[in-house]
Amino acid sequence: MTILTAELTTKLDERTAALARQYRPLAIRILREAIRIPADHLDSDPRCGLSGHEQPRLEYLRKTIVEIGAVEREQDAGFDAFGNLVWSVEDRTDGIPAEKKSVIMLDGHTDTVNALRDRWHEAIGGGIDPYYGWIDGTKVDRAFLAHELGYLPPESEWEHLVWGRGSADQLAGVVCQIVATKILNELRSEGALRGVIVRAYGTISEEDNDGGGPMYLMREIFPTATQDRIPDVVILTEATGCAKLGPLGIYRGQRGRMQIEVEVTGRSCHGSMPWEGLNPLEYGAAMIVEAAQRYRDGEGFADDPFLSGGTRTASWASLATPSDCAVPERFTFRFDRRLTAGEIPERALDDVRTLPSVAKAIADGLRVDVRAPLYNDPTWRGYRLNNPQVYPGWVTPEEHPSIVAAVDAYTRVAARKPRVARWIFSTDGVGFPTRTLEVPPSKRWIHDGDYRYPAMFGIGPGVEQNTHKIGENVDSREFDTVIAFLARFPSVFHKVSRGAG
């Protein structure tokens, strides 16, 4: 891959990196409060902070964006009809028409998974709380943390860690977006915003419905939008650290995923005479066992040298039964299916439909339905996407101008070359692939089979293997590079992609 950086570090590089270091304490303060806020609302809403319940955190973040100067005008930060937090910065005096500017979208989700507060206290010893973070070091089970987490720095460096649910997934990334736009505002006179529009999103409902925020944009906003609204490149601030390979990679792809729901309907009867019924739990269990063995044997799964192989695992189940002394009426379960390059959702469904255990159940008189379920839960603003739970993967080619510019910008602010790789888990990026939306060639969107999507890549603080775990944390020292990168990339990308000065 071509590395653009050839000249000496510029004044803008130095100023950007210096301000990122200067504002690290501000980023830590914002992050700790964003993690803590749900604790104030648990009595009235035990799900506060989770998908569909982000409002208190979002209102705090919007207020903070305005107060710290992360936007030029208060009206530049608000909420869309879906419920995403949206704020934007640009230099309206640079003399470049809006439709000629490079549009950079920053994307980070603001919801978290369940805090499991009681489990944190039980497992860690009560010294770390998922909302209040580090409380009492004398009550921290360090052996548990070392066993639980993929990576921890030496204990002498723990003063740099911010603990709590969402610290690595993905609130730290959203906070870095906020501080980066503050720096962009402050350096506008030095060219940081020349020729670009930076539109940042704090998306919602991602944990329950990957890419829901971008799906809303692709359906409702972009089809009728002017060119200054449609992104040339999307930066996902999901964690790009690896427990084995180190922090802060540039990640340019990920596998897709889908939920495969299997509903097995039998005939209920009293448990004392099971021959009178057809037990969907027993037949369904046979399907799960058979599917697991086929995955272990590699039957029906593709592999890709960059994205890695497809996977399938049983992830959820529900039983409809009149009592615990009866043959159940219905057993419903789901597979989490990760789709690598070359795998398509329709084939993944057929792989389950054609299991011999499914055929036997049908032959014996049970009904078996295999489908991709719909996600129809409302957002905090009451919007329902009603989308099939199919989330396509994506890859941005290494030679794309966005990746060339990303490596250049990273090298400028971090004084080292980045590790370029891909995610193991999923991100908001799965909400962008479309089969219908057409954009001008100047946007340089990726054409991938039947799908099109903007150039995407990620950089974010946190270790991927530590997300969703008890003891989740993020190393605040990583903020310096991420914030500086997000503030430096826009003008570098504009120069690379448009040949602008």
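In this predicted model, E263 is a buried residue, its relative accessible area being 14%. That value falls under the 20% cut-off, which is why E263 counts as buried. Its salt-bridge partner is R330, with the N and O atoms of the two side chains 3.9 Å apart. R330 itself is partly exposed, at a relative accessible area of 28%. The two residues come from separate strands: E263 belongs to strand β11 (residues 256-265), while R330 sits in strand β15 (residues 330-339). The pair therefore ties together parts of the structure that are 67 residues apart in sequence.

Salt bridges that share partners also form a network, and this one joins E72, R73, D76, R92 and R188. Within it, a reader may like to look at R73 and D76, whose closest N and O atoms are 2.8 Å apart. The two members of this salt bridge fall into separate accessibility classes: D76 is buried, at 8% relative accessibility, whereas R73 is partly exposed, at 35%.

A further salt bridge links the side chains of R119 and E122, with an N to O distance of 3.6 Å. Here both partners are found in helix α4, which covers residues 117-124. They are three residues apart, or about one turn of the helix. E122 is exposed, with 60% relative accessible area, and R119 is partly exposed at 37%. The value for E122 lies over the 50% cut-off, so this residue counts as exposed. In general, side chains of opposite charge can pair when their charged atoms come close. Across the whole structure, a search finds 37 salt bridges.

Attention now turns from charged pairs to nonpolar residues. The largest nonpolar core contains 99 residues, and F485 and F489 are those with the most contacts inside it. For F489, once neighbours within four places in sequence are left aside, the contacts are with I104, V233, I235, S402, A405, A406, A409 and F457. A second core, separate from this one, is made up of 20 residues. Among its members are L339, V352, A361 and V368.

Terms used:
Residues are numbered from 1 along each chain as its sequence is written. This is a predicted model: local features need pLDDT of at least 70, side-chain atom pairs count only at pLDDT 80 or more; totals for chains, interfaces and linings use all residues. Side-chain values use heavy atoms; hydrogens and water are left out. A nonpolar core is a set of buried Ala, Val, Leu, Ile, Met, Phe, Trp, Tyr and Cys residues joined through side-chain atoms within 4.5 Å. Buried means under 20% relative accessible area, exposed over 50%, partly exposed in between (1.4 Å probe, protein chains only). Contact means heavy atoms within 4.5 Å. A salt bridge is a side-chain nitrogen of Lys or Arg within 4 Å of a carboxyl oxygen of Asp or Glu. Helices (H or I, at least four residues) and strands (E, at least two) are DSSP runs, numbered from the N terminus.
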